[in-house]
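Thanks for making time this morning. I would like to walk through one chain with you, going from helix packing to the sheets and then to a couple of loops, so please have the structure open as I talk.

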Amino acid sequence: MHKKSKRVILAFVVTLVMILSACGGGNKGAEELPKPAESAKPANSPQDAEQDGKSDTSKEVKLKMVFLGPKPVDYDQVFTAINGKLKQKINATIEAEFLDWSDWAQKYPLKLAANEDFDLIYSSNWAGYSDQALKGGFLELTDDLLATYMPMTWKAMPKVSWEQAKVNGKLYMIPSNKGGFVEKLILYREDLRKKYNLPEISSPETFAEYIKGIAKNEPGIMPFTPETGDWKLHNLDRILLKQKNDWSMLDFDLPLGFKLTDDKGQLFNVYETPEFKELLAYYKDLADNNAWSKNVLNSKNDHMQDFKDGKTAAVTQNLDTLGAKMAEIRRDKPEYEVALADLTPNSKKSVAVSTQNGTSVHATSKNPERALMFIDLMQNDKEIHDLIMHGIAGTHYEPVGDDRFESTSKNANYAGYSKWSFDSPLNRVNVSFPQEAADLAKVWEGKVFHYPLETFVFNNANVKTEVANVSNVMLRYAIPLEYGVIQDIDKGLADLNKQMKAAGIDKIQQEMQSQIDAFLAKR
């Protein structure tokens with residue numbers, strides 16, 4: 001409380017100084033910005049805030065940020081360059097900590113619960129953003145703080161992005177300022193498909209034929225490798241359950257969904273649907289045909305690296321990620337012919353809401369103002385943005401004009417972690433980005449479907465115990481069942497649903513439905 005009071009007093013003093021020094025400076029461009037609350041309205045516009053340099057940066061500050069993903073090989077080289085620029089601009093430096101993909105899901109909430117000493121952390125809807133915000137892990141970001149300490153972002157960010165990132169009307173994240181599709185695709189070895197005369201992949205059925213064909217003919221290659229991590233669903237569920245059936249699942253740590261076309265947002269338990277039972281039979285057939293490792297539940301393998309190294313024949317991710325990986329493989333492994341497969345070409349497509357990628361300030365940060373200034377530069381300063389996103393020019397990439405780049409053979413030495421939270425209109429486009437991926441994006445643009453609950457955020461405060469219990473049941477019962485470890489599907493599904501009932505899934509569904517109904521009633 002005492003620290004928060006200091007920040008409020010500081011914000012008041014800063015605003016008072018602005019009023020006294022404005023001298024009729026005006027409020028140019030204010031119509032384009034989200035309007036601050038009257039009680040906390042900045043005296044000057046973001047442009048003035050940027051020009052006046054009203055933030056005290058006389059004392060050097062060392063910031064620490066937590067990222068998801070492995071520590072890049074060339075971390076020291078790149079962050080030394082970044083820190084040189086930060087020191088000049090805001091008298092600060094940044095130290096990064098990386099939570100590897102294999103165990104980030106366990107470590108991430110523990111770091112916040114333990115109130116460890118750090119200033120910033122990658123945040124996302126799929127990493128429990130709203131839950132951690134409600135638990136008090138993130139600092140609330142007011143309009144006044146944003147306009148004062150990150151004027152460039154305040155000006156550049158669309159108002160809808162700020163609104164989408166709010167939890168119960170309050171903001172705890174600086175979203176990335178660049179959208180994208182959330183649909184998942186398959187990246188596979190087209191040369192192997194052709195070699196064994198397997199059908200073109202365009203559906204779950206033809207994908208299964210490909211997987212089985214690889215398992216039969218290429219004993220040294222794993223047909224499919226899922227992402228590692230503490231995921232509560234099968235790695236293919238987003239494609240074969242959510243996308244195939246045009247469902248939305250608001251929280252991938254809960255088996256609750258609704259039909260995209262249902263304006264009333266009536267929830268159902270995914271595990272109780274015939275679609276899920278049918279999919280279990282599909283997965284069991286794949287597992288019995290050696291589609292993935294027998295040790296799949298404990299694997300720590302980097303699925304993308306395994307694919308590039310020729311150890312696996314198929315992986316899944318979003319369009320941007322797979323397009324970039326295709327470009328990398330075509331550069332470094334031209335002997336491989338790789339291709340994309342959309343298993344649900346006729347499904348509705350969704351664009352990411354702003355909470356897909358973002359940065360939050362730790363609630364106990366000793367330097368929240370400087371932390372916000374850091375994010376402002378990461379997203380909006382061209383030189384620093386290029387460094388954090390691409391690494392060292394001439395080493396990790398070659399600039400092509402002002403807005404494109406060509407990756408080098410050392411690009412992999414600075415890749416693979418969650419720097420996406422700093423995505424912005426300054427992002428460079430890879431000149432080698434596959435044309436087929438770009439063409440697919442254009443097709444998808446015509447299939448984007450917006451629905452009433454697109455920005456709904458579930459507040460689990462009333463069912464925290466039940467949510468934790470259900471998550472444990474998903475890991476213990478659902479994941480082994482989905483990966484074909486359980487031999488008797490009917491018995492496994494019955495056991496799963498029995499355990500889900502005992503864990504409190506009905507209470508969670510009732511609470512979520514109540515919030516959905518209230519949300520829709522206000523529209």
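Let me start where Pro204, Phe207, Ala208, Ile211 and Lys212 of helix H10 meet Tyr282, Asp285 and Leu286 of helix H12. Sorted by class, that contact between H10 and H12 holds six nonpolar residues and two charged ones, with no polar residue among them. Please keep in mind throughout that this is a predicted model, and that what I quote is computed from it.

In general, two packed helices are described by the angle between their axes and the distance between the axes. For H10, which covers residues 204-217, and H12, the angle is about 15 degrees and the axes are 10 Å apart. Angles under 35 degrees count as roughly parallel, and H10 and H12 are therefore roughly parallel to each other. Their crossing is right-handed.

Now set beside that a second pair, helix H3 at residues 75-90 and helix H16 at residues 382-390, which pack at an angle of about 155 degrees with their axes 9 Å apart. Because of that angle, H3 is roughly antiparallel to H16, and the crossing of these two helices is left-handed. On the H3 side the contact is made by Val78, Phe79, Ala81, Ile82, Lys85, Leu86 and Lys89, while H16 contributes Glu383, Ile384, Leu387 and Ile388. By class, the contact of H3 with H16 comes to eight nonpolar and three charged residues, and no polar ones.

H3 also leads us to the sheets. There is an open sheet of five strands, with mixed pairing, in the order S2-S1-S3-S13-S6. Which strands stand at its edges? They are strand S2, residues 92-99, and strand S6, residues 174-175; each has a single partner strand, so one side of each is left without a neighbour in the sheet. At the S6 end, two bridges join S6 to strand S13, residues 358-361, and the two strands run antiparallel. If you want a residue pair to look for there, Ile174 stands opposite Thr359 in S13.

Coming back to H3, this helix packs on the five-stranded sheet, where it touches strand S1, residues 61-68, and S2, and its direction makes about 145 degrees with that of S2. Helix H4, residues 104-113, packs on the sheet as well, touching S1, S2 and strand S3 at residues 120-123, with a direction about 135 degrees from that of S2.

The other sheet I would like to show is an open one of three strands, in the order S11-S7-S12, with antiparallel pairing. Strand S11, at 314-318, and strand S12, at 338-341, are the edge strands, each pairing on one side only. From one strand to the next the twist averages 30 degrees. Helix H14, residues 319-332, packs on this sheet and touches S7, S11 and S12, and its direction makes about 130 degrees with that of S11.

Strand S7, residues 184-189, is joined to S12 by four bridges, in an antiparallel arrangement, and here Arg189 stands opposite Val338 in S12. With S11, S7 pairs over five bridges, again in the antiparallel sense, and Tyr188 has Ala314 of S11 as its bridge partner. Is S11, then, buried or exposed? Five of its five residues are buried, so this strand is largely enclosed by the rest of the structure.

Two loop residues deserve a careful look at the backbone. As a general point, most residues other than glycine have a negative phi. Asn115, in the loop between H4 and S3, has a positive phi, near 55 degrees. Asn115 is partly exposed, with a relative accessible area of 47%. Asn290, in the loop between H12 and helix H13 at 303-308, also has a positive phi, of about 60 degrees. Asn290 is likewise partly exposed, at a relative accessible area of 41%.

Let me end with the chain as a whole, which has 20 helices and 16 strands. Of its 523 residues, 55% are buried. Among contacts with a separation of 6 or more, 78% are between residues 24 or more positions apart.

Technical notes
Residues numbered from 1 in each chain as written. Predicted model: local features only at pLDDT ≥ 70, side-chain atom pairs only at ≥ 80, totals over all residues. Heavy atoms only, no water. Axes fitted to C-alpha atoms, helices over the stretch in contact; angles between N-to-C directions. Parallel < 35°, antiparallel > 145°, perpendicular 65-115°, else oblique. Left-handed = near helix turned anticlockwise from the far one by under 90°. Contact = heavy atoms within 4.5 Å. Nonpolar A, V, L, I, M, F, W, Y, C, P; charged D, E, K, R; others polar. Pairing = 2+ DSSP bridges. Buried < 20%, exposed > 50% of the residue type's maximum accessible area, 1.4 Å probe, protein only.
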